[in-house]
Structures are given as C-alpha cells and as structure tokens.
Amino acid sequence: MGLTSSLRFHRQNNKTFLGIFMILVLSCIPGRTNLCSNHSVSTPKELPSSNPSDIRSSLVSLDLEGYISFDDVHNVAKDFGNRYQLPPLAILHPRSVFDISSMMKHIVHLGSTSNLTVAARGHGHSLQGQALAHQGVVIKMESLRSPDIRIYKGKQPYVDVSGGEIWINILRETLKYGLSPKSWTDYLHLTVGGTLSNAGISGQAFKHGPQINNVYQLEIVTGKGEVVTCSEKRNSELFFSVLGGLGQFGIITRARISLEPAPHMVKWIRVLYSDFSAFSRDQEYLISKEKTFDYVEGFVIINRTDLLNNWRSSFSPNDSTQASRFKSDGKTLYCLEVVKYFNPEEASSMDQETGKLLSELNYIPSTLFSSEVPYIEFLDRVHIAERKLRAKGLWEVPHPWLNLLIPKSSIYQFATEVFNNILTSNNNGPILIYPVNQSKWKKHTSLITPNEDIFYLVAFLPSAVPNSSGKNDLEYLLKQNQRVMNFCAAANLNVKQYLPHYETQKEWKSHFGKRWETFAQRKQAYDPLAILAPGQRIFQKTTGKLSPIQLAKSKATGSPQRYHYASILPKPRTV
C-alpha cells in the first residue's frame, strides 16, 4: 500500500493568519496514508490555552469514528505493577487508525502550549507506570481491534492483526487453519502492540528468536501523526526502531506475523538439579542442538518444601517410589522445564526423541515428571494460574518484578551470589532462568541485550501481599531487587534490564551504550515533541508557551530542543 498525502485546510478570511497557519501545518502535520479512512483531519482554528477545560474542549471537537471519555480515567490510572496512580485527562477509544492519527496530529498542533502526552495501552501489563500518561491521553488499543483476524496460507503463511488484538485470540483463530505463531510470551493475554514494543520472550526464543523476530510488516502511527507501513525493505529504519522501541517512536496499529504448522499436543517435562553448573550446562547444550526440544525454560526453587507432591496434580513421576523419597526441604534447586511438540500419530517417535535427549542430561533421576496436554493448554498455562490468584484476591496486588538479561560469562557468578546469599526464599513468586541463542535474533531492532551470543533471561516475579510484613512486604521486595542490581553493578556483570526502568538520563545512556545517540536521533525524527510513551521516563515533553509562529520556526530549524531527559522527570505518585 503506497503512501499519499491528503491535507485539508479550513478557509480563513484573514490571509495573513492563513499563511502562518499553513507554515505551522506543513511543518508539523504530515499527511496520513491511504491506510486511513477517508475522513479529513479537523484542525481547530485557534490553539486553546493550557487550561485543562480548554484542552478538553479541543479534544471534544475532534471528528472521530470512535469517542473520547473523561469520566472513567481512573480505570487506566494504574498498571499491572499496581504501584503508581497517575490518571490521564482523557481516554481515546479508537475505531480506526484515523482516530489515532487525528489525535496525534491535534496534539502536535497544540505543540508546547499543552502538556498533553499519549500512552498506547493494551492490557496495561507494564510494571512501573510505562502504560500511563499523567494528565495526557491514554489510547485504549483494544477498541481498535478489527472484527476479523486475517490469515494467509502458503509457503510463508502469516496473520494480519490489529495492534490491539491479544495473543490468545490469535492462537485460537490460527489453530482453526492448523497454523500458529512461532514465538510466544509465557502469558498470552497481552496485546500485539505491547509485546512487540518490548520483545516478547519465552522458551521458544532460542529457536525462533523473540516475537519481534517474527514480524513481516507493521502499520505505525508516528509521534507526528503519520500513518506509515514499514517492513525490513520498506521504511526499514522505522520498522526496526519500533520493534523493541518501548513505544517511543510510534504506535503499532497493525502487524503481519509469520506462522508455522501447529502441533496438536505437547510432551511437557520437568526435572530437578541441585548443582547450578550442571543445570546451566544442560540448558546451554539443549539450545545448541539442531534436533532438540521445542521449548526450554527453567526456574529456581529456594527453601521450598514438598515440591514434587505439588507437581502431582498436573504431572506424573517417571518413578513414583523414587520420587516419594526425594526431599527438597531447605535446598536451592533448579528446575529444567522442556516441551516437545507432536501430533497423535507421532507419539512413538516423539517418545524416542525425548528419551534420547533426556539420557544426555545430568538431572536428579528421581525427579523426572511429565505430562501430555493439548498445545493450547500448554501455551495458555499462566492464565490458569491467573484465575486461581484472582479467586484468592492475589492478582490485583503490587508486582515488583525485575527482569534481567545476563551474559553467559557472568551467569555462574550471578547465581552463586543471588540464589545463595541475597535471596532466602521465593515463596511469593517464581524465579525464571533460561538461556537464549542471540545468533538467531535480528540485530537491528531497538532491543538492548548483552553483547554475547548466549545470555540468560532471569525474571524475579514476586507479588507483594497487602497488609503483610517481612519477606512478602512491598518495601522488602523492592530493597531485595535493589540489592540484586547493586551486586550486578559492583561485580561489573554487564547485565541489561528487560522491560527496563530507570530514573536518570545517565542510567538510560548506560543501558543503551553506544546506541544511545541513534535512539535519541530516532526519537527526534519520529516523535520530535516527545508525545509518546511518557511513562517510560526516557524523554519528557517541554511545555514552554510558544506562539504558532515560534512553534513553526522551531520545527523548521530544529531548535530549541523540544524534550528533556529522565533526570528531571517528576517522581510518579505511588498508590
């Protein structure tokens, strides 16, 4: 689909004002593409003042297919982390990409006369306010969902979906055609735009890369209101910028995702290790083989009791007698979790393959447990746990999660200190740990990873129990996270945060390293007013009072600077 420009201007009697107005519009409101609806963008004749009521009136005046609401902003004032309360001024419920483009162009037109920013929100599963826009506009991306998920068969099958569609719906629809996306997150009730703005990592990433590795094409609304179709060969800089770009360069409104034949069943296996070196060595061995499991993850168990009996509701032991004699009390153990996909007619050969792979590993023999479940049941496994936690009132609680990417060369030192000294239990949430092979990942996205071929994802996923004290207390868990980060810095482990969160420009520059300048330059190119994703706290929109003429001149000359950095961002208010 080619790009076109379609700017329409209101007639003005005053020719001088018309000239100024045209300079402003031409310099800061690019045309929308033919992917939009045929509506023209309605532009206010006069810029409203920074008064919230005037800004609200200007938003109401927009010609939209969807609608804007102001009274239910508390519904999008917090996220899954459940630590910050930052209400927006308004919520946009878009029915088309045109609605999002119109909103962005309107805010660009307001320029520095308002403090309006925009956060695209899927299910709000960010952890530290990244999906929030304090006194800005939150875009409810699920309102954009098309009624159809378009699936294309062929040698390279793919699915076209809205950026507001959730992955579980995509899975259910593609399975009707015997197809499935290749790479997943552990939790499927997230939107496409949300995971692609970060990476989308799970146990398939060693084989297929993260979800951002498996995208053919995107439709983007940039921070200037442009609607752009991009891919590796077309508008490639924007394409790679947005993937893993933390929402800084554009809003993903549609994505074309690669598919593969889907299995019917999975063989799901868990085994335990008491020695970290053997555990990590076996994980690295499995992800290096050409014929191996289809999913490789792992988790850490610290000071847990009766562990194997807890598995018996879902898994069967290979040797019940030996399993009953195993005692986990007080030990630090490492669980290898692997999966082999298969169809019913392949069960015999699958058993032979998994048996051979397991025979090459060094786990504790008595701890082999397995299960066979439908493919969709395995992929949607976290949602089952979610329902149980919701029933107990333990889902809508603070989640002080910490996700780290750790180089292979540092993982033993990290594990020794963190799992043996800093952490004394993990009864309040799982600790995931597994390696990925970066050689199969695309190198040009905005995702920042350690500079080694193999690195580990380590995810601390605790829940803070309300009105508790001790090790389930939010303050305790936050301090524990900080102890982990302090150790990583002191030991110079070259760790990178996944789903990163920093408070200062210095920390963000350190995170991006030599790629910081490119990241900042792309921000200037695609979102020069720093309107998008303010909750990431990387850039902040300035609110100097510029006249239309000054604003037009500043856009034409590239000065003055129109955003500043996280080092002077106000602290978000905690819940």
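Let's start with helix α11, residues 347-359, which lies across three strands: β11 (265-273), β14 (332-342) and β15 (369-374). Compare directions and you'll find α11 running at about 150° to β14. Keep in mind as you look around that this is a predicted model.

What do those strands belong to? They sit in an open sheet of nine strands, with antiparallel pairing. Read across the sheet and the order goes β13-β15-β11-β14-β12-β17-β18-β16-β19. The strands at the edges are β13 (316-317) and β19 (496-497); each has a single partner strand, so one side of each is left without a neighbour in the sheet.

Let's zoom in on one of those edges. Strand β13 contains Ser316. Is Ser316 buried, partly exposed or exposed? Ser316 has a relative accessible area of 45%, and because buried means under 20% and exposed means over 50%, Ser316 counts as partly exposed. Leaving aside residues up to four places away in sequence, Ser316 touches Leu368, Phe369 and Ser370. Here's a nice example of chain folding: Ser316 and Leu368 are 52 residues apart along the chain, yet their C-alpha atoms are separated by 8.5 Å.

Now move along to β16 and β18. Strand β16 (residues 402-407) and strand β18 (residues 454-460) run antiparallel, and six bridges join them. To find one of these links yourself, pick out Leu404, whose bridge partner in β18 is Val458. Helix α15, residues 474-490, packs on the sheet here, touching β16, β18 and β19. The direction of α15 makes about 15° with that of β16.

Loops deserve a look too. Ser425 lies in the loop between α14 (408-422) and β17 (431-437). Is Ser425 buried or exposed? With a relative accessible area of 18%, Ser425 is buried. Not counting residues up to four places away in sequence, Ser425 touches Ile302, Asn303 and Lys471.

Next, head for some strands with lower numbers. Strand β2 covers residues 90-93, and its side chains alternate: Ala90 and Leu92 point one way, while Ile91 and His93 point the other way. All of them are buried. On the pairing side, β2 runs antiparallel to strand β1 (residues 67-69), joined by three bridges, but β2 pairs with strand β4 (residues 137-140) in the parallel sense, also over three bridges. Leu92 is a handy landmark for both: Leu92 is the bridge partner of Ile68, and in β4 the bridge partner of Leu92 is Ile139.

How do two helices pack together? Two packed helices are described by the angle between their axes and the distance between the axes. For helix α2 (residues 52-60) and helix α3 (residues 97-110), the angle is about 140° and the axes are 11 Å apart. The crossing of α2 past α3 is right-handed. Ile55, Ser58 and Leu59 of α2 make the contact with Met103, His106 and Leu110 of α3. Sort those contact residues by character and you get four nonpolar, two polar and no charged.

Finish at helix α17, residues 516-526. Which of its residues are buried? They are Trp516, Phe519, Ala520, Arg522, Lys523 and Tyr526. These buried residues cover an arc of only 160° around the axis, which puts them on the same side of α17.

Terms used. Residues are numbered from 1 along each chain as its sequence is written. This is a predicted model: local features need pLDDT of at least 70, side-chain atom pairs count only at pLDDT 80 or more; totals for chains, interfaces and linings use all residues. Side-chain values use heavy atoms; hydrogens and water are left out. Buried means under 20% relative accessible area, exposed over 50%, partly exposed in between (1.4 Å probe, protein chains only). Helices (H or I, at least four residues) and strands (E, at least two) are DSSP runs, numbered from the N terminus. The arc is that of the directions from the helix axis to the C-beta atoms. Two strands pair if DSSP finds at least two bridges between them. Contact means heavy atoms within 4.5 Å. Axes are lines fitted to C-alpha atoms, for helices over the stretch in contact, and angles run from 0 to 180 degrees between N-to-C directions. A crossing is left-handed if the near helix is turned anticlockwise from the far one by less than a right angle, and right-handed if clockwise. Ala, Val, Leu, Ile, Met, Phe, Trp, Tyr, Cys and Pro count as nonpolar, Asp, Glu, Lys and Arg as charged, and the others, Gly among them, as polar.
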